[in-house]
Amino acid sequence: MPESHIKTAFRARSRMTRRGALGLFVLPFTGLACSALEAKPLRIVCLDDGLTETLLMLGVRPVAIADREVWEKWVVEPPLPAEVADVGTLLEPNLEFLQQLRPDIILAIPYLDGIKPLLERVAPVTTIGIYTEDGQPYRRAIEATRQLARLVGKEAEGEALIAATDASLLGIRQELAPLSARPVYVVNFMDPRNVRVYGKKSLFQDVFDRIGLSNAWTGETNYWGFSTVGIDGLATSSDARLAYLEPLPEGAGGTLTESPVWNAMPFVRNRSIMRLPAVLMFGALPSASRFARVLAKAMTGEAARG
Amino acid sequence: MAEDAATLAEHGKLAGRTWKRGMFANQPVSAILLCMVLSTAAMAATVSNLTVQLPSALWLRSLIAPDIDDMRQVLVHYAFLPRLVVSLLCGAALGLAGTVLQQVLRNPLASPETIGVSAGAYLALALASLLAPSLLAFGREWVALAGAFIALAAVFALSWHKGLSPLSVVLAGLVVSLYAGAIGAALIVLRHEWLASLFIWGAGSLGQQDWKTTLWLLPRAGAAALTIGLMVRPLTLLGLDDEGARSLGVPLGVYRFAGLVAAVALTAFVVAAVGVIGFVGLAAATLARIGGARRLSQRLIMAPLIGASLLWAADQAVQVATGPQGDLLPTGAITALLGAPLLLWLLPRLALGWEVPALTAERLPRTGQPGLVLAAIGVSLLLLLGLALLCGPGPHGWTVGFGDQLQPLLSWRWPRVSAALVAGAMLALAGLMMQRLTGNPMASPEVMGISAGAALGMMVALFSFSDAGRLVQTAAATVGAFAALLVTLAIGRRAAYAPERLLLAGVALTALFDALILVLTATGDPRAMLLLNWLTGSTYGVDANAALLTGGIAIVLLLLAPLFMRWLDVLPLGPSAVQALGIDVRKTRLLVLLMVAALTAASTLIVGPLTFIGLMAPHLARRLGLARALPQAAGAVLAGALIMVCADWIGRTAIFPRQIPAGLVATLIGGPVLMWLLRRR
């Protein structure tokens with residue numbers, strides 16, 4: 001069993017309800033046990049990282065995914081088993097390669113509708129949309145989890161994952177209650193001057209709502225739930241904190257601290273900046289709980305430092 | 001030079017039309033007036049932008065000693081003001097660079113953008129920041145300078161044999177810009193996670209966070225401007241013809257080189273500071289001329305002033321549109337959007353002289369047995385087809401497919417291979433027709449903007465319909481190609497479809513298209529990636545239906561081709577010779593152009609607008625000794641197909657399971673081949 005899962009469970013247990021902790025702890029093992037029992041597991045090619053992380057948490061290993069090499073950099077958790085193959089880029093998965101993998105099913109997202117007819121010639125395609133014009137990615141991620149669980153015959157594990165995620169968010173809500181007065185910006189740096197700030201329709205917004213934090217960014221967002229703005233666009237709220245996600249683009253880290261605008265930003269002057277490890281911004285339930293966890297750790301760490 | 005005199009005369013006429021000659025006869029009145037109008041508009045926009053950010057009572061304070069507890073004052077002092085100064089500095093620098101380049105090259109169309117210098121500097125910086133960030137530690141200006149000079153050297157190498165004539169320099173500049181753009185696209189396809197950041201900067205965002213860029217740019221641009229200021233007299237003499245200048249005892253070469261270095265350095269500094277600011281250099285230098293600044297000393301003052309007020313006004317207008325500090329509508333791309341129509345408007349008003357038809361002047365080998373050469377290319381094509389269809393890597397290494405195994409693989413491979421084949425063939429034919437029509441070896445549908453028109457149409461479809469299927473995209477691209485053709489034709493009509501105008505209209509259309517792409521991608525819209533995939537010429541999405549459709553169109557068009565061959569044999573001889581043979585020049589040109597548009601639209605849909613096949617294949621055929629129109633056309637079609645199939649195969653297999661778009665591979669391989677071909681004389 002990967003060490004990080006166990007660590008995760010231990011870390012989580014201190015904060016969340018017992019049922020939730022138990023769920024998280026037991027989950028990967030049950031999944032493993034079941035797939036071992038099945039005579040012929042479904043050969044799944046998964047073209048979305050959010051769906052892939054959900055599958056992995058259900059204890060199912062996809063045969064192949066797209067853009068495999070960026071997993072370590074952008075998703076991190078759960079770790080990707082070495083056996084998972086790479087089918088090429090998300091927008092142009094290699095069809096000859098796919099054909100030779102002989103998958104039973106291909107999981108895709110609405111973003112890939114353009115290549116769906118091609119994929120359907122290889123295997124049946126199931127499209128699951130978590131990010132749409134209507135927003136609410138958390139609710140949709142729950143539905144996606146149920147759909148995937150039904151697909152691989154792991155309904156119980158699916159419900160357990162949903163419950164564990166809910167419970168973990170609830171635990172973090174209680175833990176962060178004393179710190180929840182100040183709003184928080186969540187951003188990715190595009191370059192030293194511009195950020196993607198996450199707001200309405202983003203997974204992070206839904207997590208904020210559930211852990212009782214308020215998002216400092218209330219402006220418009222696109223259907224992926226972000227808006228690209230200059231960092232000075234983040235100066236509107238005077239008591240906000242800033243949480244920025246890794247990875248940083250080449251060259252952004254060094255130049256930030258030298259800029260007077262950056263140094264005059266309220267959150268820089270209050271020293272309310274948190275650097276978070278990478279979390280998949282377009283993810284599903286596992287990314288939601290990972291985000292809540294890393295944010296809570298950063299916030300409590302900051303509070304402890306004073 | 002006669003053409004210079006003609007240009008000046010025409011400008012004088014333009015200026016005279018608007019202003020009665022009187023007490024201001026020797027002053028560039030229109031230029032000064034234009035400058036004042038632009039500055040007034042810019043000033044009004046600036047005041048309005050500033051009012052939104054800060055009450056006017058605090059303006060002076062935030063300028064001199066901002067209160068760092070007040071974020072509004074910090075933003076005005078460290079973001080708004082430096083951005084304003086940078087816009088003035090960059091505009092002035094580009095205007096000056098444009099004027100010097102026009103003077104040194106004796107070319108009314110020369111500018112940092114049109115001779116490829118901006119693109120070269122930008123590519124060098126992009127390459128350095130992605131592949132070797134340590135290089136930037138030596139100073140961004142050196143990287144940018146190196147890129148700019150490499151681009152300039154390539155442009156000179158490509159146009160040297162035509163005595164650096166205005167048109168050949170601008171066309172070579174376009175080819176170099178296109179090639180730099182293709183390499184940039186390859187970078188982004190391979191490293192797409194940082195797509196947005198590369199584009200924000202590359203599109204010329206003027207956003208600032210401190211005074212660093214301003215203080216960096218000021219001494220560098222100042223030094224270059226001072227150098228130019230010290231050379232006003234010798235530079236003026238460069239405007240005379242060589243004989244006249246030499247008889248005055250001016251070492252022409254030295255000053256020409258020094259002027260060139262100063263102008264290129266100015267451009268490289270601007271690109272290193274803020275990215276590519278499209279078309280300000282050309283617009284400022286040209287508007288100064290048209291505005292009545294006839295003496296070089298006047299132009300050297302008026303062009304920077306116009307450039308500065310132009311960029312200032314554009315940047316403030318962008319901020320009015322996006323709110324203060326808006327970075328997402330990059331000012332550089334917006335100026336290019338405005339600049340391209342300006343260039344189109346200018347074209348009919350510039351006198352460029354008549355180009356000597358090039359193909360007839362060439363002394364290239366002629367083969368006695370064209371059939372043998374054609375057979376050789378044909379056999380190579382067949383061999384390559386076998387390779388492309390049967391061989392490829394799989395999950396367990398390379399395999400040569402046969403029997404049952406091959407069947408499913410073949411169903412994926414044949415549509416792509418056949419699409420690449422016919423696209424290459426059609427582009428080659430279109431290129432051949434363009435080159436014979438215009439008598440210009442640099443002509444091709446890519447250069448003429450027809451490909452760009454098709455791409456524009458496709459782009460509009462992608463962004464205006466939420467679910468644009470292949471059919472909608474096809475229709476939109478065709479409409480776009482014909483629209484581009486109509487624009488080109490409308491501009492060309494005045495000169496009975498004279499080749500030069502058509503080509504330059506293409507330059508402008510391509511620039512417009514590049515600017516649109518930059519604006520769209522800089523917004524970080526996920527559809528931009530879809531678009532980029534297609535633009536780089538991926539055959540990925542081609543299924544059996546699309547392949548059959550394209551194949552059908554190609555067969556019809558290729559069967560029509562022999563009807564054109566007699567015209568294509570005589571067209572390079574020049575319009576008077578054609579007329580003497582009793583052929584209606586206008587009608588012939590129109591028919592050839594329509595054929596070219598159809599060929600280009602059908603092939604651009606498959607391999608994107610960036611390949612050089614149309615430019616390259618006819619040259620290959622000619623170098624192999626195929627001189628008459630029909631054998632050259634057949635050779636070009638076969639060679640185009642060969643290159644494209646080869647590019648598609650390399651693209652599918654080189655970094656398996658990832659894929660490099662076929663159009664991009666063709667460009668990356670074809671660009672240097674083409675440059676080498678054009679150089680070897």
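**A chat about chains A and B**

Student: Which residues of H7(B) are buried?

Tutor: In H7 of chain B the buried residues are B:Arg140, B:Val143, B:Ala144, B:Leu145, B:Gly147, B:Ala148, B:Ala151, B:Leu152, B:Ala154, B:Val155, B:Leu158 and B:Ser159. Keep in mind that this is a predicted model.

Student: And what should the 20 residues of that helix span, at 1.5 Å a residue?

Tutor: Helix H7 of chain B covers residues 140-159, and at 1.5 Å a residue its expected span is 28 Å, so the 29 Å between its end C-alpha atoms agrees with that expectation.

Student: Staying with B, which residues touch the most other members of the largest nonpolar core?

Tutor: Those are B:Ala93, B:Leu266, B:Ile306, B:Leu429 and B:Met644, in a core of 295 residues. Helix H4 of chain B, residues 71-105, gives this core its largest share, which is 20 residues.

Student: What is B:Ala93 in contact with, leaving aside neighbours within four places in sequence?

Tutor: With that restriction, B:Ala93 is in contact with B:Ala221, B:Leu266, B:Phe269 and B:Val270; B:Leu266 is also one of the residues listed as touching the most other core members.

Student: Switching to chain A, how many helices and strands are there?

Tutor: The secondary structure of chain A consists of 13 helices and ten strands, and 50% of its 306 residues count as buried. Among contacts in chain A with a separation of 6 or more, 66% are between residues 24 or more positions apart.

Student: Is strand S9 there mostly covered or uncovered?

Tutor: Strand S9 of chain A, residues 241-245, is mostly covered, with four of its five residues buried.

Student: Which strands does S9(A) pair with?

Tutor: One of them is S6(A), residues 184-191, which runs parallel to S9(A) and is joined to it by five bridges, with A:Val184 opposite A:Arg241. Another is S10(A), residues 273-276, which also pairs with S9(A) in the parallel sense, over four bridges, and here A:Leu245 stands opposite A:Leu276.

Student: How is chain A divided into domains?

Tutor: Domain 1 of chain A runs over 3-169 and domain 2 over 178-305. Between them, 29 residues of domain 1 are in contact with 25 residues of domain 2.

Student: Which elements give two or more residues to the domain 1 side?

Tutor: On the side of domain 1 that touches domain 2, these are helices H3 (49-57), H4 (71-74), H7 (137-151) and H8 (155-176) of chain A. By class, that side of domain 1 has 16 nonpolar, eight polar and five charged residues.

Methods
Residues are numbered from 1 along each chain as its sequence is written. Chains are lettered from A and ligands numbered from 1 in the order in which they are written. This is a predicted model: local features need pLDDT of at least 70, side-chain atom pairs count only at pLDDT 80 or more; totals for chains, interfaces and linings use all residues. The expected span of a helix is 1.5 Å times one less than its number of residues. A residue is buried if 20 or more other C-beta atoms lie within 10 Å of its own, exposed if 12 or fewer, and partly exposed in between; C-beta atoms are placed from the backbone. Two strands pair if DSSP finds at least two bridges between them. Domain bounds come from an automatic or database domain assignment. Two residues are in contact if their C-beta atoms, placed from the backbone, lie within 7 Å. Ala, Val, Leu, Ile, Met, Phe, Trp, Tyr, Cys and Pro count as nonpolar, Asp, Glu, Lys and Arg as charged, and the others, Gly among them, as polar. A nonpolar core is a set of buried Ala, Val, Leu, Ile, Met, Phe, Trp, Tyr and Cys residues joined through C-beta atoms within 7 Å.
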